[in-house]
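Trainee: Could you take me through one part of this structure up close, starting from the residue you would look at to get going? I'd like one connected tour rather than a list.

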Amino acid sequence: MNKRYLVALDQGTTSSRAVVFTREGHLVAASSMEFPQYYPKPGWVEHDPADILSTQIEALRAAVRKAEINPREIAAIGITNQRETTLVWDRKTGVCVHRAIVWQCRRTAPIVDELKEKGYGDMIRKKTGLIPDAYFSGTKIKWLLDNLPIRERAEKGELCFGTVDSFLAWHLVGGHPHVTDATNASRTMLFNLHTQEWDDELLQMLDIPRAMLPKVVDSAEVIGVLREDIIGEGIPVAALAGDQHAALFGQACFEEGMVKNTYGTGCFMLMNAGDKFRLSESGLLTTMAWRLNGKPTYAFEGSVFMAGAIIQWLRDEMKLIEHASESEAVAASVSDTGGVYLVPAFTGLGAPYWNMYTRGTLVGMTRGTGRAHIVRAALEAIAYQSRDLYEAMVKDCGVECTGLRVDGGASANKLLMQFQSDMIGVPVLRPAVLETTALGVALLAGLAVGMYYDLDATSRGWRVADSFEPQMEKEQQQKLLRGWERAVKGALYWANEE
Ligand code: ADP
């Protein structure tokens, strides 16, 4: 039977998806299943591991049914996942000792404060590329070990820690391999990016026994075959990658300096930073892009906290629009914002400003300012914030960038994409397949089973559908950017005067 298809399992924060692709990267069918979120205390977020597993298996079965293919035609499966979310389970039974602690969960913020007070911040940054934060898995594992009667079993190797990729691999692959890939490992705050191994000093710092950690594998590597009872066929499971890393691969950003931005609730921007470890001078994270044949490729990562979320705010709180997509027509009804700037620092500003006390400001209004100007200012704010990250990355990387590859829900907005291109002065490229996370891990799996010879062949799976070229006069662009910088300064000033 001709093995023409690749399947991605995309285990996200609110739903589990499965997507079937052809070897050329065309999307054949997709299926997705939502699952409940648990908020046991303010700021705490958990998932039931049984939900993660059952929705992922159901989504896989449904996608294969929808695609009307024979499971024997599937060459390989890749797993991509919500990053940092932490699970600990029994090595014999697979039963978890606690619900999954989700990346968003803030319960370990005090542990992070303590690490910083003890002066570990610099060592963590130099070894892991990360800025210490409760997002990352390390402090979540420590919380489980400190708050449940499990330490002794963990030390004896009777328990396994894993992020969602690792948990799914253990449960779905025959023989229960206990593995994770280098991209997921790079989000634990325990993984040394230089040695590409778990780091003893970091483990000691958090008092985590090495015996509970998975083996770190490449992002494209056959780790075993899918249990036959799942869809009736033992298909190679051939790739693991965290969602943002898979999206960078799915956007075919294979060369140093290539960048992708995902416009969702927030924005996630990643740049391929080549094969040498470097720290950013603008407060961006250094992380793995992927690891192939034992060779690491690094990435710079930054995020915008409020992106599509501003559009939701306009819709739900301000009632200026009825649907997110309406923002485009409303904004297009005026030729500019009439000098209005919205700085959506509702929860502070991230890289390159890093000020958690800033709050949202709306400046430059006149008697003539109306709804359309404010909606337009909100869309432009998404582009300005992304531009600030982009500039920081280009500066840190020092490589000329030729285009920004985009995806995510708000990338559907043409006005936003055009304005983005005008602000960064390079083309914004929107690909035909916007499911770049799923595509990325499918292509990685294809690479592992020899469906593609090299990255060049893999990149044929990426095709541009829409290109937005910079059109604005330089003078006008500079004027707008100066206005934005003044508006940000205003917001920072307002916070600093407190
Ligand atoms: P996430 O994966 O973070 O849930 P999605 O990629 O599904 O996000 O994108 C949804 C976000 O994009 C929402 O915040 C929504 O407000 C915004 N959005 C969706 N369509 C548009 C549009 N046409 N214009 C602007 N924003 C949009």
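Mentor: Sure, let's start on the outside, with tyrosine 357: its relative accessibility is 67%, so it counts as exposed. Keep in mind as we go that this is a predicted model. Tyrosine 357 sits in the loop that runs between β19 (341-343) and β20 (361-363). Together with Trp354 and Met356, Tyr357 makes a nonpolar surface patch of about 380 Å².

Now for the ligand. There are 13 residues around it, and the ones that come nearest are Thr265, Gly308, Gln312, Gly409 and Asn413. Sorted by class, that shell holds 9 polar and 4 nonpolar residues, with no charged ones. The element that gives the most to the shell is helix α11 (residues 308-316), which supplies 4 residues.

Let's go through some of the contacts. Threonine 265 uses its side chain: an N or O atom there is 2.6 Å from an oxygen atom of the ligand. Glycine 409 works through its backbone instead, with an N or O atom 2.8 Å from a ligand oxygen. Then there's asparagine 413, where a polar side-chain atom lies 3.0 Å from a nitrogen atom of the ligand. As for cover, the ligand has 580 Å² of accessible area on its own, and the protein covers 66% of that.

Stay on asparagine 413 for a moment, as this residue also leads us to a helix. Asparagine 413 caps the N-terminal end of α14, with a side-chain oxygen 3.2 Å from the backbone nitrogen of leucine 415. Helix α14 (residues 414-424) is largely enclosed by the rest of the structure, because 10 of its 11 residues are buried. Among those buried residues are Leu415, Leu416, Met417 and Phe419, and the list also takes in Gln418, Gln420, Ser421 and Asp422. Just past the helix, glycine 425 takes a positive phi of about 75 degrees.

Positive phi turns up at residues that aren't glycine, too. Glutamate 84 has a positive phi of about 75 degrees, and you'll find glutamate 84 in the loop between β5 (74-81) and β6 (87-90). With a relative accessible area of just 5%, glutamate 84 is buried. Alanine 252 is another non-glycine case, with a positive phi of about 55 degrees. Alanine 252 lies in the loop between α10 (243-250) and β15 (259-263), and at a relative accessible area of 7% alanine 252 is buried as well.

That brings us to charge pairs. Side chains of opposite charge can pair when their charged atoms come close. The count for this model comes to 33 salt bridges, and a few of them are worth opening up in your viewer.

Take glutamate 152 and lysine 156, whose side chains meet in a salt bridge at 3.8 Å, N to O. Glutamate 152 is exposed, with a relative accessible area of 57%, and lysine 156 counts as exposed at 56%.

Next, look at arginine 387, which forms a salt bridge with aspartate 388, the closest N and O atoms being 3.3 Å apart. Here arginine 387 counts as buried at 13% relative accessibility, and aspartate 388 counts as buried at 6%.

Then go to aspartate 466 and arginine 430, a salt bridge in which the closest N and O atoms are 3.1 Å apart. This pair links distant parts of the chain: aspartate 466 is in strand β23 (residues 464-468) and arginine 430 is in strand β22 (residues 428-431), 36 residues apart. Aspartate 466 counts as partly exposed at 31% relative accessibility, whereas arginine 430 is buried, with a relative accessible area of 8%.

Finally, some salt bridges share partners, and these join Arg83, Glu84, Arg187, Asp243 and Glu301 into one network. You've met one of its members already: glutamate 84, the buried residue with the positive phi.

Methods. Residues numbered from 1 in each chain as written. Predicted model: local features only at pLDDT ≥ 70, side-chain atom pairs only at ≥ 80, totals over all residues. Heavy atoms only, no water. Patch = residues over 30% accessible without salt bridge, like charges linked within 9 Å, V, L, I, M, F, W, Y side chains within 5 Å. Areas by Shrake-Rupley, 256 points an atom, 1.4 Å probe, with all protein chains shown as cover. Salt bridge = Lys/Arg side-chain N within 4 Å of Asp/Glu carboxyl O. Helix = DSSP H or I, 4+ residues; strand = E, 2+ residues; numbered from the N terminus. Buried < 20%, exposed > 50% of the residue type's maximum accessible area, 1.4 Å probe, protein only. Near = heavy atom within 4 Å. Polar contact = N/O pair within 3.5 Å; in protein donor to acceptor, adjacent residues only side chain to side chain. Nonpolar A, V, L, I, M, F, W, Y, C, P; charged D, E, K, R; others polar.
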